[in-house]
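User: I'd like to learn how to read a fold like this one, feature by feature. Can we go through it together?

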Amino acid sequence: MKLEGRCMKCKEAREMKDLKIEKTTRGTFMARGTCVKCGTRMAKILSAEQAKQLGK
Ligand SMILES: [Zn+2]
């Protein structure tokens, strides 16, 4: 599954690569990855449902 986030450097929505799903201490999920275009690190807050679909 692919995930898009907003890249701060491109200032556009970009697909994220090297996705890692993390659970925060507050029980919410975050996706971390890098922009496919420029390699800038990106983070996106996920719903529990999205996190499940992404496989963790
Ligand atoms: Zn970018």
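User: Let's take the hairpin of S2 and S3. How many residues sit between them, and which turn residue has a positive phi?

Analyst: Look for two paired strands and check the backbone of the turn. This is a predicted model, and here 5 residues separate S2 and S3 in their hairpin. In the turn, Gly 27 has a positive phi of about 85 degrees. S2 covers residues 12-23 and S3 covers residues 29-35, and they pair in the antiparallel sense over 6 bridges. For individual pairs, Lys 23 stands opposite Phe 29 in S3, and Lys 17 has Thr 34 as its bridge partner there.

User: And the hairpin of S1 and S2: how many residues lie between those strands?

Analyst: Same reading again. There are 4 residues between S1 and S2, and Lys 11 in that turn has a positive phi of about 60 degrees. The antiparallel pairing of S1 and S2 runs over 4 bridges, with Arg 6 opposite Ala 13 in S2.

User: In what order do the strands of the sheet come?

Analyst: Follow the pairings from strand to strand. The 4 strands make an open sheet, ordered S1-S2-S3-S4, with antiparallel pairing. Its edges are S1 (4-7) and S4 (41-46), each of which pairs on one side only. On average, neighbouring strands in this sheet are turned by 45 degrees against each other, direction ignored.

User: Now the metal. Which residues are the protein donors of the zinc ion?

Analyst: Start with the donor atoms, then go to the angles. The SG atoms of Cys 7, Cys 10, Cys 35 and Cys 38 are the protein donors, 2.2 to 2.4 Å from the zinc ion. Angles among the 4 donor atoms are 104 to 115 degrees, and the site is tetrahedral. Along the sequence, the donor residues follow the spacing C-x2-C-x24-C-x2-C. The pair Cys 10 and Cys 38 links distant parts of the chain: Cys 10 is in the loop between S1 and S2, Cys 38 is in the loop between S3 and S4, and they are 28 residues apart.

User: Why does Cys 10 count as partly exposed?

Analyst: Because its relative accessible area is 22%, and the partly exposed class lies between the 20% and 50% cut-offs. Cys 38 is also partly exposed, at 32%.

User: What about Arg 14, buried or exposed?

Analyst: Arg 14, in strand S2, counts as buried because its relative accessibility is 17%. Leaving aside residues up to four places away in sequence, Arg 14 touches Leu 3, Glu 4, Gly 5, Cys 7, Cys 35, Lys 37 and Met 42. Two of those contacts, Cys 7 and Cys 35, are among the zinc donors.

How values were computed. Residues are numbered from 1 along each chain as its sequence is written. This is a predicted model: local features need pLDDT of at least 70, side-chain atom pairs count only at pLDDT 80 or more; totals for chains, interfaces and linings use all residues. Side-chain values use heavy atoms; hydrogens and water are left out. Two strands pair if DSSP finds at least two bridges between them. Axes are lines fitted to C-alpha atoms, for helices over the stretch in contact, and angles run from 0 to 180 degrees between N-to-C directions. Donors are N, O and S atoms within 2.8 Å of the metal (3.2 Å for Na, K and Ca); water is not among the atoms, so sites may look incomplete. Four donors count as tetrahedral if all angles lie between 85 and 135 degrees; four count as square planar and six as octahedral if opposite donors are over 155 degrees apart and all others between 65 and 115; anything else is irregular. Buried means under 20% relative accessible area, exposed over 50%, partly exposed in between (1.4 Å probe, protein chains only). Contact means heavy atoms within 4.5 Å.
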